[in-house]
Each structure stands twice: as structure tokens, then as C-alpha cells.
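Thanks for sharing this one. Here are my notes as numbered points, meant to be read with the model open beside them.

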Amino acid sequence: MAAVPDNEENRASCVCIGCPSKPDDGMAFYCVAGKSPAEVERGFCACSWCPVWSCYGLAGSSYCDEGS
Ligand code: SF4
Ligand code: SF4
């Protein structure tokens with residue numbers, strides 16, 4: 001797995017904002033930013049639809065709860 005660069009293009013590609021499991025924390029891009037300080041109700045995770053996820057060979061999910 002390649003490290004995900006923290007840049008504008010990757011941040012803009014993050015699909016967390018449309019995810020029904022996203023906590024209300026003003027954050028996104030959790031695979032780089034790390035886990036949310038808010039409580040996460042885990043369920044569906046949209047990461048596998050994200051261009052960052054496929055481009056950098058990520059394999060995980062629920063980064064908002066698991067951390068980067
Ligand atoms: S893999 Fe998940 S956390 Fe990372 S940029 Fe994509 S949607 Fe956001
Ligand atoms: S990391 Fe996954 S579960 Fe969390 S908000 Fe992003 S897409 Fe949704």
C-alpha cells in the first residue's frame with residue numbers, strides 16, 4: 001500500500017462527505033487525517049468507491065473510526 005499524499009487533489013476526491021456513516025465533526029479524508037474525535041456509528045463505508053482508495057491500493061474501511 002502506498003502512502004496517501006496529503007494534497008488538494010486527494011482531499012477533493014474524498015467521498016466521506018456523502019457517506020451515511022460519517023460523523024458530524026467537520027472532518028473528512030480520515031485515511032490521512034486519522035480517526036474522528038466524534039463517536040462513529042459504523043455501518044456502510046463509501047471508501048471503496050473513492051478514487052484515492054483504489055489509486056493508492058488501500059484495503060481498509062471505516063477510517064473515521066479505525067484511524068489512518
Ligand atoms: S479512502 Fe475513504 S477516507 Fe480516504 S479519501 Fe477516500 S473516502 Fe476519504
Ligand atoms: S471513512 Fe468510510 S465510514 Fe468513515 S465517513 Fe469515510 S466513507 Fe464513511
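What volume does the largest cavity have? About 110 Å³.

1. Ground rules first. This is a predicted model, in which local features need pLDDT of at least 70, side-chain atom pairs count only at pLDDT 80 or more, and totals for chains, interfaces and linings use all residues; side-chain values use heavy atoms, with hydrogens and water left out. Residues are numbered from 1 along each chain as its sequence is written, while chains are lettered from A and ligands numbered from 1 in the order in which they are written.

2. On to the cavities. The structure holds 2 cavities of 30 Å³ or more. A cavity here is a set of points, on a 1 Å grid over the protein atoms alone, where a 1.4 Å probe fits but cannot get out, and its lining residues have an atom within 4 Å of a point. Grid points are joined across faces, edges and corners, and the volume is the space filled by probe spheres set on the points.

3. The largest cavity is lined by 14 residues, and Cys16, Cys19, Cys45, Ser62 and Cys64 lie nearest its centre. That lining divides into 10 nonpolar, 2 polar and 2 charged residues. For the classes, Ala, Val, Leu, Ile, Met, Phe, Trp, Tyr, Cys and Pro count as nonpolar, Asp, Glu, Lys and Arg as charged, and the others, Gly among them, as polar.

4. Which ligand sits in the largest cavity? Ligand 2 does, where sitting in a cavity requires more than half of a molecule's atoms to lie within 2 Å of the grid points. The shell around ligand 2 is made of Cys16, Cys19, Ser21, Lys22, Tyr30, Phe44, Cys45, Ala46, Cys47, Ser62, Tyr63 and Cys64; a residue is near a molecule if one of its heavy atoms lies within 4 Å of it. By class, this shell has 9 nonpolar, 2 polar and 1 charged.

5. Two of the residues nearest the centre of the largest cavity, Cys16 and Ser62, merit a look together. Cys16 is in the loop between α1 and α2, and Ser62 is in the loop between α3 and α4 (helices are DSSP runs of H or I with at least four residues, strands are runs of E with at least two, and both are numbered from the N terminus). Their C-alpha atoms are 9.7 Å apart, with the two positions 46 residues apart along the chain. Cys16 counts as buried at 13% relative accessibility, and so does Ser62 at 7%; buried means under 20% relative accessible area, exposed over 50%, and partly exposed in between, with a 1.4 Å probe and protein chains only.

6. The second largest cavity has a volume of about 90 Å³. Its lining consists of Cys14, Val15, Cys16, Phe29, Tyr30, Cys31, Cys47, Cys50, Val52, Trp53, Leu58 and Tyr63. Two elements, α2 (30–33) and α3 (51–55), give two or more residues to that lining. By class it has 12 nonpolar residues, no polar and no charged ones.

7. Ligand 1 takes up the space of the second largest cavity. The residues around ligand 1 include Cys14, Val15, Phe29, Cys50, Trp53 and Leu58, and at least two residues of the shell come from each of α2 and α3. The shell has 11 nonpolar residues, with no polar and no charged ones.

8. Leu58, in the loop between α3 and α4 (63–66), is buried, at a relative accessible area of 8%. Its C-alpha atom is 9.0 Å from that of Cys47, 11 residues away along the chain. Ala59 belongs to the loop between α3 and α4, but is exposed at 70%.

9. Please check two backbone angles. Phe29, in the loop between α1 (8–13) and α2, has a positive phi of about 60 degrees although it is not a glycine, and it is buried at 2% relative accessibility. Ser62 also has a positive phi without being a glycine, near 50 degrees.

10. Finally, the aromatic rings. The count comes to 1 aromatic pair, with rings of Phe, Tyr and Trp (its six-membered ring) pairing if their centres lie within 6.5 Å, and planes under 30 degrees apart counting as stacked, over 60 as edge-to-face and the rest as tilted. Phe44 and Trp49 have ring centres 5.4 Å apart and planes at 65 degrees, so the pair is edge-to-face. Phe44 is partly exposed at 40% relative accessibility, whereas Trp49 is exposed at 66%.

How values were computed
On a 1 Å grid over the protein atoms alone, a cavity is a set of points where a 1.4 Å probe fits but cannot get out, and a pocket is an open set with protein on both sides within 12 Å along at least five of seven lines; lining residues have an atom within 4 Å of a point.
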